[in-house]
Amino acid sequence: MLKKKSSYLFILITLSCLLIFSIILGISFGSSYIPVETVYHFLINKIFNSEIFAVDWKKNIESIIWEIRVPRVLLSAISGSGLAICGVLMQCITKNPIADPYILGISSGASSGAVAVIILGGSSMGFLGITSGAFTGALLCGILVFIIGTQYGKNISTVRLILTGLAVSTIFSSITNILVYSAKNSNQVRSAVFWSMGSLGRARWGEISIPFIALMSILLISILLAKSLDILLLGDNTAKMMGMEVGKIKTIIILSSTLLISILVAMTGSIGFIGLIVPHICRYFCGSSHKRLLLCSFLTGGIFLIICDTIARTMFPPRDIPIGIITSIIGGPFFLFMIGKNRYSFGGEK
């Protein structure tokens with residue numbers, strides 16, 4: 001037991017160090033490279049509000065680091081962590097190892113909302129208008145799936161929930177296609193397609209606080225419910241026999257995940273594969289105990305998306321590749337590799 005705890009603590013410390021290192025690297029790389037040493041010195045000076053290190057860089061470098069790259073990298077970390085946590089929760093609730101945060105169709109609802117704003121002219125309001133449209137669409141989709149798929153929260157059937165999510169997702173996807181087809185110019189189509197494939201390019205300081213608060217709140221709720229999530233993997237009937245209120249727990253998890261994913265998708269668009277593969281990667285290292293799995297997924301998801309976004313920014317500078325392309329290119333083969341190895345478990349000990 002002591003060995004397991006020490007090895008898990010070592011994993012957490014290693015992942016935390018990797019997260020910090022990936023943040024610094026993510027800030028360094030971009031259309032123009034900023035030395036890692038400069039980034040480190042500037043951040044230390046900024047954090048402690050004191051000139052601990054001598055300022056030997058140009059003033060415009062500070063603006064690039066603090067106003068552009070730091071918010072983007074932090075949003076990458078928040079989004080990656082949130083998607084990974086929601087992936088763990090959805091896989092537990094549905095008892096489906098290939099479930100991801102978008103299984104309830106939330107991303108389709110967000111895409112419809114954002115594309116509607118872009119195509120119908122609401123984009124003149126800027127990023128706030130698109131984000132509001134995406135959040136509204138995502139929340140509407142989530143509410144519909146919850147009401148129909150759970151019979152108003154009274155009877156939460158996994159199969160019914162998944163099928164409802166699939167049906168509602170198809171409807172919203174059709175609406176999105178109609179809107180794109182009705183676009184009046186190619187710029188609208190390009191904006192709609194680029195947004196639906198995920199982008200972190202519009203991250204700003206004022207837009208980070210809400211997703212961060214939502215992420216930490218859902219992480220805390222999930223950790224408090226970790227034992228209940230472990231019991232749920234044994235089956236609903238077993239959980240009920242053990243005195244657990246299955247419907248109540250599932251309702252809390254579904255609503256919490258829906259809210260977090262709605263916020264994240266509204267901010268960044270649809271970013272695939274993270275919520276699917278990160279939980280499996282973490283199960284390989286720390287097993288299926290949700291208390292451990294949630295923390296590992298939280299750190300690993302942030303690292304993974306920061307790396308993917310750094311690649312998206314540096315592959316064809318100064319243009320950004322939609323980040324969903326990068327996550328799919330990396331995530332698809334890696335997931336196939338894990339399936340081939342068959343070295344991970346779902347719902348049992350590693």
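Does Leu144 count as buried, exposed or partly exposed, and at what relative accessibility? Select Leu144: at 33% relative accessibility, this residue counts as partly exposed. (Buried means under 20% relative accessible area, exposed over 50%, partly exposed in between, with a 1.4 Å probe and protein chains only.)

This is a predicted model: local features need pLDDT of at least 70, side-chain atom pairs count only at pLDDT 80 or more, and totals for chains, interfaces and linings use all residues. Residues are numbered from 1 along each chain as its sequence is written, and side-chain values use heavy atoms, without hydrogens and water.

**Stop 1: helix H3**

Select residues 59-94, helix H3. (Helices are DSSP runs of H or I, at least four residues, numbered from the N terminus.) Find Lys59 and Glu62. They form a salt bridge, with the closest N and O atoms 3.6 Å apart. (A salt bridge is a side-chain nitrogen of Lys or Arg within 4 Å of a carboxyl oxygen of Asp or Glu.) The two are three residues apart in helix H3, so about one helical turn separates them. Lys59 counts as exposed at 64% relative accessibility. Glu62 counts as buried at 18%.

**Stop 2: a charged network**

Now select Asp309 and Arg72. Their salt bridge has its closest N and O atoms 2.8 Å apart. Asp309 lies in helix H13 (residues 290-314) and Arg72 in helix H3, so the pair ties together parts 237 residues apart in sequence. Both are buried. Add Arg313, whose side chain meets Asp309 in a salt bridge (3.2 Å, N to O). Shared partners join Arg72, Asp309, Arg313 and Asp320 into one network.
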